[in-house]
Amino acid sequence: MQAYDTATTKVSCSAVKSHKKPSKSSTAVGIGYERDRVRVNGFACKAKEGTWYSRGTLTRRSDGKRVREPTIHRCVNPFGAIPPPVYPKRV
């Protein structure tokens, strides 16, 4: 995970899983729902998947539960309308 300035955003997808590691095949340890608050403080890219992940603290509105694991960047985007950098595909 790379660190950058901490930003607060909200989940933009209807639901997003938080994983133990930044990988779709990693164990899911929590779930966030649309408009749940996330304080992002890092990101990672899984090259084989071509997927960016945001890491931070997700706080659910429904029960206040906090999850501190990576989530898919497109659902937790601290940059707003700016997409994540394009990761070159391996040939």
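**Buried charge, strands and a positive patch**

Colleague: Is Asp36 buried or exposed?
Modeller: Buried here means under 20% relative accessible area, exposed means over 50%, and partly exposed is in between (1.4 Å probe, protein chains only). Asp36 comes in at 2% relative accessibility, so it counts as buried.

Colleague: Before we go on, what pLDDT do side-chain atom pairs need to count?
Modeller: Residues are numbered from 1 along each chain as its sequence is written, and side-chain values use heavy atoms, with hydrogens and water left out. This is a predicted model, where totals for chains, interfaces and linings use all residues, local features need pLDDT of at least 70, and side-chain atom pairs count only at pLDDT 80 or more.

Colleague: OK, back to Asp36: which residue does it form a salt bridge with?
Modeller: Side chains of opposite charge can pair when their charged atoms come close. We call it a salt bridge when a side-chain nitrogen of Lys or Arg is within 4 Å of a carboxyl oxygen of Asp or Glu. For Asp36, the closest N and O atoms are 3.6 Å apart, and the partner is Arg61.

Colleague: How many residues apart in sequence are the parts that this pair ties together?
Modeller: Helices (H or I, at least four residues) and strands (E, at least two) are DSSP runs, numbered from the N terminus. Asp36 sits in the loop between strand E3 (28-33) and E4, and Arg61 in the loop between strand E5 (51-59) and E6, so the salt bridge links parts separated in sequence by 25 residues.

Colleague: And is Arg61 buried or exposed?
Modeller: Asp36, its partner, is buried. Arg61 has a relative accessible area of 51%, so it's exposed.

Colleague: Which residue does Asp63 meet in a salt bridge?
Modeller: The structure holds two salt bridges. In this one Asp63 is partly exposed, with a relative accessible area of 46%, while its partner counts as buried at 13% relative accessibility. The N to O distance is 2.6 Å, and that partner is Arg60.

Colleague: Zooming out, how many strands does the protein have?
Modeller: Reading along the sequence gives you β-β-β-β-β-β-β. There are zero helices, and the strand count is seven.

Colleague: Why is E5 described as largely enclosed by the rest of the structure?
Modeller: For background, 37% of the protein's 91 residues count as buried. E5 is largely enclosed because its nine residues include buried ones numbering eight.

Colleague: Which residue in E5 is the bridge partner of Ala44?
Modeller: Two strands pair if DSSP finds at least two bridges between them. E4 and E5 run antiparallel and are joined by nine bridges. Their hairpin has four residues between the strands, and Gly50 takes a positive phi near 65° there. Ala44's partner in E5 is Tyr53.

Colleague: Which residue in E7 stands opposite Tyr53?
Modeller: E5 and E7 run antiparallel too, with two bridges joining them. In E7, the residue opposite Tyr53 is Ile72.

Colleague: Which residue in the turn of the E5 and E6 hairpin has a positive phi?
Modeller: E5 and E6 run antiparallel over two bridges, with Leu58 standing opposite Val67 in E6. Six residues lie between the two strands of the hairpin, and the turn residue with a positive phi of about 75° is Gly64.

Colleague: Over at strand E1, which residue in E4 is the bridge partner of Lys10?
Modeller: Side chains alternate along E1 (residues 7-10): Ala7 and Thr9 point to one face and are buried, while Thr8 and Lys10 point to the other and are not. E1 pairs with strand E4 (residues 37-46) in the antiparallel sense, over four bridges. The partner of Lys10 in E4 is Arg37.

Colleague: Arg37 is part of a surface patch of positive charge along with Arg39, Arg66 and which other residue?
Modeller: Patch members have over 30% relative accessible area and no salt bridge, with like charges joined within 9 Å and nonpolar side chains (Val, Leu, Ile, Met, Phe, Trp, Tyr) within 5 Å; areas come from the Shrake-Rupley method with a 1.4 Å probe, and for residues only the protein chains shown count as cover. Lys and Arg count as positive and Asp and Glu as negative, leaving out His and the chain ends, and a charge is placed at NZ of Lys, CZ of Arg, CG of Asp or CD of Glu. Arg39, in strand E4, is partly exposed at 44%. The remaining member of the patch is Arg68.

Colleague: What relative accessibility does Arg68 have?
Modeller: Arg68 is in the loop between strand E6 (66-67) and strand E7 (71-72). It counts as partly exposed because its relative accessibility is 47%.
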